[in-house]
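I opened my notebook to look up a few whole-chain properties, then went on to the cysteines. Here is what I wrote down, entry by entry.

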Amino acid sequence: MVCELRPAVYKRLHEGVVIPAHPLALDASRRLDEHRQRALTRYYLASGAGGVAVGVHTTQFEIRDKEINLLEPVLRMAAEEVERAGADGSFIKVAGICGPTDQALAEAELAVKLGYDLGLVSMGGLHGWTESELLHRVEEIAKVIPVFGFYLQPSVGGRPLSYSFWREFAEIPGVMAIKMAPFNRYQTLDVARAVCHSSRVEQIALYTGNDDNIVADLLTTFRFLVNGKPVEKSIVGGLLGHWAVWTGKAVELLERIKAAKKSGAGVHELLQEGVMVTDANAAFFDPAHEFHGCIAGIHEVLRRQGLLAGRWCLNPEEDLSPGQMEEIDRVYCEYPQLNDDEFVKRHLEKWLSD
């Protein structure tokens with residue numbers, strides 16, 4: 001059995017959209033702040049995002065711990081807010097899926113029950129598994145929910161995967177998209193080449209998760225010779241932790257990139273802007289300290305905007321790294337055109353109501 005996407009979702013997925021990786025709103029006691037959790041979803045909807053990804057790394061993997069048990073509540077709340085907003089039928093709801101096969105299948109079934117369209121399937125935490133075992137796991141998940149593949153960078157729990165793995169992965173009928181997030185040009189190329197050589201090249205949408213290379217990725221069209229004939233494939237959108245902040249401006253950026261790819265005009269300026277985006281991402285994601293402060297960095301920006309009450313994480317040890325606050329101050333000062341603070345300020349009271 002192959003799970004199919006609704007036609008409107010399939011179409012929008014391939015057109016390319018902004019999909020923020022949804023953070024987790026906590027209070028000072030590190031308990032779920034439902035009020036602000038729902039406000040975040042409202043923010044992404046109002047920003048013009050084409051989807052949202054919940055239960056992913058940015059939502060904190062610890063939500064699955066038995067003593068915390070927040071996976072179902074955060075998935076449910078986001079789905080409820082999408083329905084409440086009357087978002088059109090093409091809005092893409094993505095649920096994070098983790099763990100060994102039994103756990104992953106249970107999470108996929110929960111996502112389907114709550115109305116999610118795709119499962120973002122992480123290979124993290126399965127370092128002892130062979131590539132063949134990982135592929136079989138994906139095949140089983142794809143029988144429950146359409147799959148959004150995920151090449152997760154090793155710094156936050158991922159692992160290197162071979163070209164042959166992605167070549168076989170692309171042939172799985174239920175795979176509808178792949179998020180390329182190895183933060184590595186060679187490994188990103190492996191995925192793109194594998195998809196272009198597959199029989200399902202037209203059915204799989206490529207999305208960037210390379211927060212260090214967002215604009216350049218989105219401007220890129222890959223071109224490979226397949227059986228002597230050229231095959232082209234573009235990265236059409238992004239599913240990004242970076243787009244969990246300043247989302248209104250991210251939506252504008254993606255539309256400008258699409259226009260530039262059609263006309264050929266403004267590419268140089270966009271590449272210059274891309275360097276600014278990467279510099280801002282370095283402040284938020286903390287590569288200087290092996291990404292230790294990446295979730296806290298996102299929270300700090302949302303705290304400054306009033307969307308979160310604080311930058312608390314479920315793990316008390318997880319916070320900004322030394323010097324990271326100053327880096328966030330710097331990029332705020334140097335690139336004011338990248339933030340959407342005024343947009344948030346105009347609507348914050350409404351998002352926090354009810």
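**Burial.** I began with accessibility in this predicted model. Of the 354 residues in the protein, 58% are buried.

**Surface.** Next I looked up what the protein shows to the outside. About 14,400 Å² is exposed, and 52% of that comes from carbon and sulfur atoms.

**Fold elements and size.** I found 13 helices and nine strands. The radius of gyration is 19 Å, and the globule rule gives 20 Å for 354 residues, so the protein is as compact as a globular protein of that length. I also noted the extent of the C-alpha trace, which is about 55 × 50 × 40 Å along the principal axes.

**Contacts.** I then turned to contacts between residues at least 6 apart in sequence, and 78% of these join residues at least 24 apart.

**Charges.** I looked up 37 positive side chains and 49 negative ones. The centres of the two sets lie 5 Å apart.

**Cysteines.** How many disulfides does the structure hold? I found zero. A disulfide is a covalent bond between the sulfur atoms of two cysteines. My next stop was therefore C294, whose closest cysteine sulfur, in C313, is 8.5 Å away, too far for a bond; the cut-off here is 2.5 Å.

**Cysteine exposure.** Is C294 buried or exposed? Its relative accessibility is 5%, so I put C294 down as buried. C333 went into the notebook as exposed, because its relative accessible area is 63% and the cut-off for exposed is over 50%.

Conventions. Residues are numbered from 1 along each chain as its sequence is written. This is a predicted model: local features need pLDDT of at least 70, side-chain atom pairs count only at pLDDT 80 or more; totals for chains, interfaces and linings use all residues. Side-chain values use heavy atoms; hydrogens and water are left out. Helices (H or I, at least four residues) and strands (E, at least two) are DSSP runs, numbered from the N terminus. The radius of gyration is taken over C-alpha atoms; the globule rule is 2.2 Å times the number of residues to the power 0.38. Buried means under 20% relative accessible area, exposed over 50%, partly exposed in between (1.4 Å probe, protein chains only). Contact means heavy atoms within 4.5 Å. Accessible areas come from the Shrake-Rupley method with a 1.4 Å probe; for residues, only the protein chains shown count as cover. Lys and Arg count as positive and Asp and Glu as negative; His and the chain ends are not counted. The place of a charge is taken as NZ of Lys, CZ of Arg, CG of Asp or CD of Glu.
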